[in-house]
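The following paragraphs lead the reader through a protein–DNA model. Please keep the sequence and the coordinates at hand while reading.

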Number of protein chains: 2
Amino acid sequence: MTTRKETKATQIARTLAERIVSGKLEPGARLRQDHIAEEFGTSHVPVREAFRLLEAQGLAKNEPRRGVRVAAFDLNQVREVAEMRAALEVLALRNAAQHLTPAILAAAEEATLEGDQARDVMAWEAANRRFHRLLVAPCGMPRLLAAIDDLHAASARFLFSAWRSNWETRTDRDHRAILEHLRRGETDAACAVLSRHVQWIGHKPIETASGKKRKAFVIEG
Amino acid sequence: MTTRKETKATQIARTLAERIVSGKLEPGARLRQDHIAEEFGTSHVPVREAFRLLEAQGLAKNEPRRGVRVAAFDLNQVREVAEMRAALEVLALRNAAQHLTPAILAAAEEATLEGDQARDVMAWEAANRRFHRLLVAPCGMPRLLAAIDDLHAASARFLFSAWRSNWETRTDRDHRAILEHLRRGETDAACAVLSRHVQWIGHKPIETASGKKRKAFVIEG
DNA sequence: ATACCCAAAATTATCTATAATTTTAAAGGT
DNA sequence: ACCTTTAAAATTATAGATAATTTTGGGTAT
């Protein structure tokens with residue numbers, strides 16, 4: 001009984017999303033449906049549906065009759081995603097605040113610790129996302145949470161594009177400040193720190209595949 | 001030469017979206033791909049892609065192997081959409097404020113007047129949406145604007161579900177207050193009014209098709 | 001009468017094949 | 001040499017057909 005709740009289209013979409021976010025697929029790369037269909041052992045119909053899912057997440061862009069490409073991004077989009085995240089995560093935290101339990105705050109503390117000890121950017125991102133997810137999840141607003149998740153994926157793209165290798169550990173003071181405010185019931189203060197934290201944009205010179213140096217812009221929060 | 005930039009999937013999605021928003025398709029109604037394909041004179045493949053687009057907008061919900069239904073909505077979702085709109089439209093207005101010209105403000109004034117004179121809810125909604133669109137469009141943040149558009153569609157659904165008929169004209173004081181603040185360069189004040197305005201939720205008893213009375217909750221802003 | 005099970009029908013998801021469009025590359029004219 | 005035109009190849013978009021799953025309805029036992 002292979003009762004799977006997942007359809008092939010969503011499987012393909014999830015796998016492609018991982019590749020785009022992690023940078024294995026570069027911005028502007030063409031996604032050819034027949035090639036992808038062959039790789040996944042399906043026809044191209046589920047692939048087309050997967051493309052639509054990626055488009056909705058803002059990870060791919062479709063031009064009718066001209067194919068699908070990995071969405072490009074520039075500084076303006078990094079800023080845009082950061083500001084949207086700030087607005088929506090603050091809204092979510094305000095609604096979640098009254099439902100936060102000591103157990104949730106403890107789990108968030110642990111996620112922060114895990115992030116501080118992360119050895120590479122993938123591990124750090126996973127812990128960071130867990131921290132933010134834990135705090136906003138109790139808001140009970142599914143549409144809002146889905147929107148925030150999509151923005152997190154976009155943020156991670158920017159992050160990975162800069163820190164593909166050479167990650168250095170650090171202690172996250174903002175996370176601890178947010179938790180301390182929440183423990184004291186100071187919701188406004190927690191939201192203020194969160195808003196600033198998410199909108200912080202890092203600048204880092206990186207080497208591209210072609211050897212040239214260029215500046216990368218990263219959401220770290 | 002039928003060089004259309006619109007694919008059949010998007011045409012179907014747009015038509016179905018209109019029906020869902022206007023209430024011609026009721027919440028929970030099943031969307032059967034073969035029937036819809038026949039109506040539009042296509043095969044079911046473009047229909048399936050249209051379903052994915054509707055899903056992304058939050059207008060339909062898909063359960064694998066069990067079909068697609070028009071998304072339901074309750075008071076919680078009305079509140080959720082209103083709060084998300086408030087957060088995102090304020091963000092957009094803050095970024096748009098410095099690019100607003102007297103010409104744009106005049107056009108927004110005209111949209112307000114048109115809304116005040118509207119004879120039915122459809123006309124009012126069109127004018128209202130135009131007003132909000134004019135003010136936020138200059139922010140230059142395409143992802144943000146797309147998210148706001150989707151939320152507007154959801155708002156309109158709630159609105160039409162209550163005011164299917166018997167609309168009464170009124171003068172919109174909030175719109176005028178927002179414009180006055182913007183003319184004076186008082187961005188914070190304008191955003192404050194906008195936030196309250198969008199979050200205002202109307203309550204109205206309506207008659208359902210089955211004859212029963214029930215309460216409807218409406219975003220009017 | 002009610003609950004359960006099984007077969008038939010309806011519906012969804014996928015595959016194979018076809019048509020339409022765009023990209024490419026090359027040939028020919030200026 | 002360079003630009004335009006034209007044919008070929010690659011790719012996307014849709015159609016028609018098949019397989020798999022769920023729903024429906026009737027019959028039977030309790």
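By class, the residues of the surface near DNA strand D comprise two nonpolar, 10 polar and eight charged ones. The model that shows this surface is a predicted one. In total, 20 residues lie around DNA strand D, and those that come nearest are A:His44, A:Arg48, A:Arg65, B:Ser43 and B:Arg66. Sugar or phosphate supplies 75% of the atoms of DNA strand D within 4 Å of the protein, and bases supply the rest.

Several contacts to the phosphates of this strand can be located individually. In the side chain of A:Arg48, an N or O atom is 2.6 Å from a phosphate oxygen of DNA strand D. A:Arg65 takes part through its backbone, with a polar atom there 2.7 Å from a phosphate oxygen of DNA strand D. From the other chain, B:Arg66 places a polar side-chain atom 2.7 Å from a phosphate oxygen of DNA strand D. Two or more residues of the surface near DNA strand D come from each of E1, helix H2 (33-40) and H3 of chain A. Of the elements, H2(A) gives the most to this surface, namely three residues.

The account now turns to DNA strand C. This strand is surrounded by 22 residues, of which A:Ser43, A:Arg66, B:His44, B:Arg48 and B:Arg65 are the closest. Of the atoms of DNA strand C that come within 4 Å of the protein, 74% belong to sugar and phosphate. The surface near DNA strand C divides into four nonpolar, 10 polar and eight charged residues.

Here, too, individual phosphate contacts can be named. B:Arg48 has a polar side-chain atom 2.6 Å from a phosphate oxygen of DNA strand C. The backbone of B:Arg65 has a polar atom 2.7 Å from a phosphate oxygen of that strand, and for a polar backbone atom of A:Ser43 the distance to a phosphate oxygen of DNA strand C is 2.8 Å. At least two residues of the surface near DNA strand C are supplied by each of four elements: helix H3 (44-57) of chain A, and strand E1 (30-31), helix H2 (33-40) and helix H3 (44-57) of chain B.

How are the two protein chains related to one another? Chain A is superposed on chain B by a rotation of 180° with 0.0 Å of shift along its axis, at an RMSD of 0.1 Å. The two copies are therefore related as by a two-fold rotation axis. Both copies use the same surface, since 100% of the contact residues of chain A recur in chain B.

The strands of each chain deserve a closer look. In general, the strands of a sheet pair through backbone hydrogen bonds, in either a parallel or an antiparallel manner. In chain B, three strands form an open sheet with antiparallel pairing, in the order E1-E3-E2. Its edge strands are E1 and strand E2 (60-63) of chain B, each of which pairs on one side only. Two bridges connect E1(B) with strand E3 (residues 67-70) of chain B in the antiparallel sense, and B:Arg30 stands opposite B:Arg69 in E3(B).

In chain A, strand E1 (residues 30-31) runs antiparallel to E3(A) and is joined to it by two bridges; A:Leu31 is opposite A:Val68 in E3(A). Strand E2 (residues 60-63) of chain A likewise pairs with E3(A) in the antiparallel sense, over four bridges, with A:Glu63 opposite A:Gly67. E2(A) and E3(A) make a hairpin with three residues between them, and in its turn A:Arg65 has a positive phi of about 65°. A:Arg65 is also one of the residues nearest to DNA strand D. Strand E3 (residues 67-70) of chain A has two faces: A:Val68 and A:Val70 form the covered one, whereas A:Gly67 and A:Arg69 form the uncovered one.

Two residues of chain B complete the tour. B:Arg14 is located in helix H1 (residues 8-22) of chain B and is partly exposed, with a relative accessible area of 41%. Between B:Arg14 and B:Leu54 there are 8.5 Å from C-alpha to C-alpha, although they are 40 residues apart in sequence.

B:Glu220 is found in the segment after strand E5 (213-219) of chain B. Is this residue, B:Glu220, buried or exposed? Its relative accessibility is 12%, so B:Glu220 counts as buried, the limit for this class being under 20%. Leaving aside residues up to four places away in sequence, B:Glu220 touches B:Trp124, B:Asn128, B:Leu159, B:Trp163, B:Arg170 and B:Trp200. With B:Arg170, the side chain of B:Glu220 makes a side-chain polar contact of 2.6 Å.

Notes. Residues are numbered from 1 along each chain as its sequence is written. Chains are lettered from A and ligands numbered from 1 in the order in which they are written. This is a predicted model: local features need pLDDT of at least 70, side-chain atom pairs count only at pLDDT 80 or more; totals for chains, interfaces and linings use all residues. Side-chain values use heavy atoms; hydrogens and water are left out. Buried means under 20% relative accessible area, exposed over 50%, partly exposed in between (1.4 Å probe, protein chains only). Two strands pair if DSSP finds at least two bridges between them. A residue is near a molecule or strand if one of its heavy atoms lies within 4 Å of it. A polar contact is a pair of N or O atoms within 3.5 Å; within protein, one must be able to donate a hydrogen and the other to accept it, and residues adjacent in sequence count only if both atoms are side-chain atoms. Ala, Val, Leu, Ile, Met, Phe, Trp, Tyr, Cys and Pro count as nonpolar, Asp, Glu, Lys and Arg as charged, and the others, Gly among them, as polar. Copies are superposed by least squares on the C-alpha atoms of residues with pLDDT of at least 70 in both. Contact means heavy atoms within 4.5 Å.
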